[in-house]
Each structure stands twice: as C-alpha cells, then as structure tokens.
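Q: Pick one part of this model and take me through it up close, along with what sits around it. Plain language is fine, but please give me the cut-offs behind the terms.

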Amino acid sequence: MNKALTLIMILLFANLSHSQNNYTNLWESVEKLEAEGLPKSALEVIESIREKAERDNNNTQQIKVLLFKSKLSLILEEDAQLNIIQAFKTQIDKSEFPAKNILENLLANLYWQYFQQNRYKFYNRTKTLEKVDKEDFRTWDLQTLF
C-alpha cells in the first residue's frame, strides 16, 4: 500500500512538473521569436499557450498570454489599443477571483496610461449626455473615463 501511494505521488508530481516545463519551453520559444523580430510567429505560439492554459484552467498563464498578446498587438495592429481593451474585458467576464481582480487592475492601468498619453485631448472635450460609442474609450469624455 505504501509503495503504491509513493508511486502515485511520484507520477502526480512528475506530471505537474512536466506540465510546467511545457509552459516554460513554450515561453522560451516566444521570447526567442520576439528577439529575432518575428512577432507574428510569436503570436502563433502564444495562441497555442492560450489554448493549453484554457484547457488546464491555468489563470496565471492566461494572464501572461493576455499581456504578451497585448504587447505584440501594439506592434502589429493599427487600432491595437481598442482590441486590447476588448480582450481584457472579455477575459474579465470569464474569470473569477483572484484572476478577475488582477485583470481589472491591469485594465484600470491601461485606461490610466491612455489618459496620460492623451491628456490634452480629454481636457479639450466637453461632457456629453450621450456617448457616441460606449465601447470605444477613445471617444469618451474625461468624466466617463474616470
């Protein structure tokens, strides 16, 4: 009985460490591709990490995927900021504590950074009763953003 329990524990820990090594190897390949200037290829690997993290229900890896994907989207896409915010909102809706709180904090920081970079635009806008686009934060007035 004791030997069987020991064997099961060894197999369980080996499986868990193997799973973690898979993420490590995948992230190393993402960093390598990024260093070589291949962001599209890195995004493909990130997408495979996202799928694996969703299957494993690994919140830490899902958040890391979102951050890396956002970083590469800023390089590759024209309206990346809006897409990044939408991706964060979607992930927040799917997440639970504590991942949800971490993502909400990151989203608030994204809004704050956008405000810091475009402060002059917000100060020149007047408050409106009706929003032109409730999803596009770039068209909001200062009070709505805060």
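A: Let's start with Trp27, which counts as buried at 3% relative accessibility. Buried here means under 20% relative accessible area, exposed means over 50%, and partly exposed is what falls in between, using a 1.4 Å probe and protein chains only. Keep in mind that this is a predicted model: local features need pLDDT of at least 70 and side-chain atom pairs count only at pLDDT 80 or more, while totals for chains, interfaces and linings use all residues. Numbering runs from 1 along each chain as its sequence is written, and side-chain values use heavy atoms, with hydrogens and water left out.

Trp27 brings us to the part I'd look at, helix α3. Rings of Phe, Tyr and Trp (its six-membered ring) pair if their centres lie within 6.5 Å; planes under 30 degrees apart are called stacked, over 60 edge-to-face, and the rest tilted. By that rule there is 1 aromatic pair. The ring centres of Trp27 and Phe68 are 4.8 Å apart and the planes sit at 45 degrees, so this pair is tilted. Trp27 lies in helix α1 (residues 2-35) and Phe68 in helix α3, so the pair ties together parts 41 residues apart in sequence. Phe68 is buried too, with a relative accessible area of 17%.

Now for the helix itself. Helices (H or I, at least four residues) and strands (E, at least two) are DSSP runs, numbered from the N terminus. The chain has 7 helices and 0 strands, and α3 covers 59-76. With 18 residues, α3 reaches 25 Å from its first C-alpha to its last, close to the 26 Å expected; that expected span is 1.5 Å times one less than the number of residues. The buried residues of α3 include Ile63, Val65, Leu66 and Leu72, but also Ser70 and Ser73.

Just before α3, Asn57 sits in the loop between α2 and α3. Its phi is near 55 degrees, a positive value in a residue other than glycine. For context, most residues other than glycine have a negative phi. Asn57 counts as exposed, at 59% relative accessibility. Then Asn58 caps the N-terminal end of α3, with a side-chain oxygen 3.3 Å from the backbone nitrogen of Thr60.

Within α3, look at Gln62, which is buried at 12% relative accessibility. Its side chain reaches the backbone oxygen of Ala53 at 3.5 Å. A polar contact is a pair of N or O atoms within 3.5 Å; within protein, one must be able to donate a hydrogen and the other to accept it, and residues adjacent in sequence count only if both atoms are side-chain atoms.

Gln62 also helps line the second largest pocket, and so do Val65, Leu66 and Lys69. A pocket is an open set of points on a 1 Å grid over the protein atoms alone where a 1.4 Å probe fits, with protein on both sides within 12 Å along at least five of seven lines; lining residues have an atom within 4 Å of a point. This pocket holds about 160 Å³, and α2 (39-56), α3 and α4 each supply at least two lining residues. α3 also supplies at least two residues to the lining of the largest pocket, whose volume is about 270 Å³; Leu74 is among the residues closest to its centre.

Methods. Grid points are joined across faces, edges and corners, and a volume is the space filled by probe spheres set on the points.
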